[in-house]
Amino acid sequence: MSNRKHNFIIILISNFIVAGSMTMIMPFLSLYINTFGDFSESYVQKWAGLIFGATFITAFIMSPIWGRIADKYGYKPIMIMNCFGIALSIFLMGYVTNVIQFFILRIIMGLVTGFIPTSTAFISKHTPKNIAGKTLGTLQIGSVGGSLFGPVIGGTIADAVGFNYTFIFTSIAITIAAIIIIFGIHEPEMIRKEKSNLYSRKNILWAIFHHPLILSIMFVTALIQIGNFSIQPLLSLYVSHLTTSEQVALLSGITFSAAGVGNILIGRFFGRLGDSIGYEKVLKVLLLVSVLCIIPQAFVTSLWQLIVLRFLLGMFSGGLIPITTAIIRRESPIEVQGEIMGYNQSFRFLGNVIGPVLGGFISGLATISTVFYSTGFLFFIAAIVVIIIQRYPKKYLDDLLKSHA
């Protein structure tokens with residue numbers, strides 16, 4: 001087995017463990033806050049939102065910083081540091097006694113939440129451009145699969161042994177991922193080019209803002225995340241309106257997972273298709289088809305209809321992130337690829353923060369169904385951006401970096 005394939009398998013397994021572990025606490029986030037005292041429902045909901053978003057806010061700031069460090073010193077040390085940092089912060093969450101301590105630890109966790117983007121940049125950097133879409137689409141199976149099974153595993157463990165032990169088991173799982181990285185990853189020796197020393201952070205940012213394609217793809221990435229996350233916090237409530245069953249939590253989990261299952265099944269195919277016919281062509285079609293899967297969700301009258309539409313949405317939207325990442329990989333010089341992918345990840349984290357706030361605001365003004373209209377509109381705007389940007393003259397980021405160095 002080649003070193004590249006060996007590293008890919010290790011990263012795929014590690015992504016599954018880390019993504020699963022980081023979502024294990026999500027099912028009982030509000031319940032855990034309740035253990036700190038006798039609080040009102042509005043108080044718990046407010047802090048649950050703040051604690052959920054805290055990690056993404058600091059991760060938004062740190063992603064390009066981790067990417068820059070990885071470009072300079074290598075990806076393996078950063079992945080190891082991220083794993084141990086996440087494991088320690090989650091371990092300490094099991095011993096907090098109030099919401100402020102919990103909130104602070106979630107902020108700290110965001111400072112080291114760079115494993116998934118760093119590992120993606122690592123694989124991307126050592127993958128030939130002609131198979132980047134297929135490879136990144138396959139790699140996404142690890143993180144998506146972990147996110148699907150993580151909440152189920154976390155909820156099961158919490159019911160069996162309690163919240164505190166769940167945090168401990170979660171930290172142990174991430175520590176195992178770190179050990180797998182230490183002994184399993186063989187990072188090729190970095191060949192530092194003299195010109196890479198000329199590219200300051202200011203230089204790279206200037207080049208990104210003067211490269212229409214990269215800047216537009218980062219904007220599209222943010223729109224995708226805003227759309228995806230705007231409905232997630234409201235999905236359980238929407239499900240409760242469609243069923244008379246008392247097992248709302250279980251049915252909500254199935255509805256939520258339907259998109260992930262569709263994602264896993266076919267996301268790799270669209271990445272491979274992008275390698276063959278062009279990423280931009282596939283990206284605009286997937287965005288437009290996703291709109292056709294999103295809008296009808298506002299009109300469903302039974303739960304099975306929603307589940308089917310969520311599954312179809314997962315199938316077609318599953319290729320969006322691998323393809324946008326493949327475009328960034330194609331356009332970025334190898335010596336600054338980690339930092340540029342870090343900025344792209346920051347746009348994703350920004351979407352993760354804006355999405356729930358926007359969804360809550362829109363549903364508060366109108367109804368939950370209205371959120372599907374706004375989400376479809378965001379995906380439509382993203383498609384229009386991709387169509388327009390294809391008409392721009394091609395620019396090379398390497399030339400922009402050299403001209404401004």
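**A surface patch, salt bridges and ring pairs in a predicted model**

The largest share of the nonpolar patch on the surface, 4 residues, comes from helix α17, which spans residues 368-389. The structure described here is a predicted model, and the values below are to be read with that in mind. The patch as a whole is formed by Leu288, Phe377, Phe380, Ile384, Ile388 and Tyr392, and together these residues have about 550 Å² of accessible area. Tyr392, one of the members of the patch, is placed in the loop between α17 and α18, the latter helix covering residues 397-404. With a relative accessibility of 47%, Tyr392 counts as partly exposed, because the range for that class runs from 20% to 50%.

The loop that holds Tyr392 also contains Lys394, which leads to the charged side chains. In general terms, side chains of opposite charge can pair when their charged atoms come close. The count of salt bridges in this model comes to 4. In one of them, Glu280 is joined to Arg330, and the closest N and O atoms of the two residues are 2.6 Å apart. This pair links distant parts of the chain, since Glu280 belongs to helix α13 (residues 279-294) while Arg330 belongs to helix α15 (residues 320-331), with their positions 50 residues apart in the sequence. The two partners fall into separate classes of accessibility: Glu280 is buried at 12% relative accessibility, whereas Arg330, with a relative accessible area of 25%, is partly exposed.

Arg330 also takes part in a salt bridge with Glu331, in which the distance from N to O is 2.9 Å. Glu331 is itself buried, its relative accessible area being 7%. A further salt bridge brings together the side chains of Glu331 and Lys394, at 3.2 Å from N to O. Because Glu331 lies in helix α15 and Lys394 in the loop between α17 and α18, this pair ties together parts of the chain that are 63 residues apart in sequence. Taken together, Glu280, Arg330, Glu331 and Lys394 are linked in a network of salt bridges.

Covalent links between cysteines were considered next. A disulfide is, in general, a covalent bond between the sulfur atoms of two cysteines. A search of the whole structure finds 0 disulfides. Among the cysteines, Cys83 is buried, with a relative accessible area of 1%, and Cys293 is likewise buried, with a relative accessible area of 7%.

Aromatic side chains were examined in the same way, and the search of the whole structure finds 16 aromatic pairs. One of these is formed by Tyr32 and Phe36, whose ring centres are 5.1 Å apart and whose planes meet at 70°, so the pair is classed as edge-to-face; the cut-off for this class is an angle over 60 degrees. Both partners lie under the 20% limit that defines a buried residue, because Tyr32 has a relative accessible area of 2% and Phe36 a relative accessibility of 16%. The rings of Tyr238 and Phe372 also have their centres 5.1 Å apart, but their planes stand at 55°, so this pair is tilted. The pair of Tyr238 and Phe372 links distant parts of the chain, the former residue lying in helix α11 and the latter in helix α17, 134 residues apart. Both Tyr238 and Phe372 are buried. Beyond single pairs, ring pairs link Tyr32, Phe36, Phe102, Phe163 and Phe167 into a cluster.

Helix α11, which holds Tyr238, consists of residues 235-242 and also includes Ser240. Ser240 counts as partly exposed, because its relative accessibility is 28%. The C-alpha atom of Ser240 is separated by 8.8 Å from that of Leu251, a residue 11 positions away along the chain. Helix α12 (residues 248-277) contains Thr255, and this residue counts as buried, with 0% relative accessibility. When residues up to four places away in sequence are left aside, Thr255 touches Leu235, Val239, Leu303, Leu306, Ile307 and Arg310.

Methods. Residues are numbered from 1 along each chain as its sequence is written. This is a predicted model: local features need pLDDT of at least 70, side-chain atom pairs count only at pLDDT 80 or more; totals for chains, interfaces and linings use all residues. Side-chain values use heavy atoms; hydrogens and water are left out. Helices (H or I, at least four residues) and strands (E, at least two) are DSSP runs, numbered from the N terminus. Buried means under 20% relative accessible area, exposed over 50%, partly exposed in between (1.4 Å probe, protein chains only). Contact means heavy atoms within 4.5 Å. Patches are made of residues with over 30% relative accessible area and no salt bridge: like charges are joined within 9 Å, nonpolar side chains (Val, Leu, Ile, Met, Phe, Trp, Tyr) within 5 Å. Accessible areas come from the Shrake-Rupley method with a 1.4 Å probe; for residues, only the protein chains shown count as cover. A disulfide is a pair of cysteine sulfur atoms within 2.5 Å. Rings of Phe, Tyr and Trp (its six-membered ring) pair if their centres lie within 6.5 Å; planes under 30 degrees apart count as stacked, over 60 as edge-to-face and the rest as tilted.
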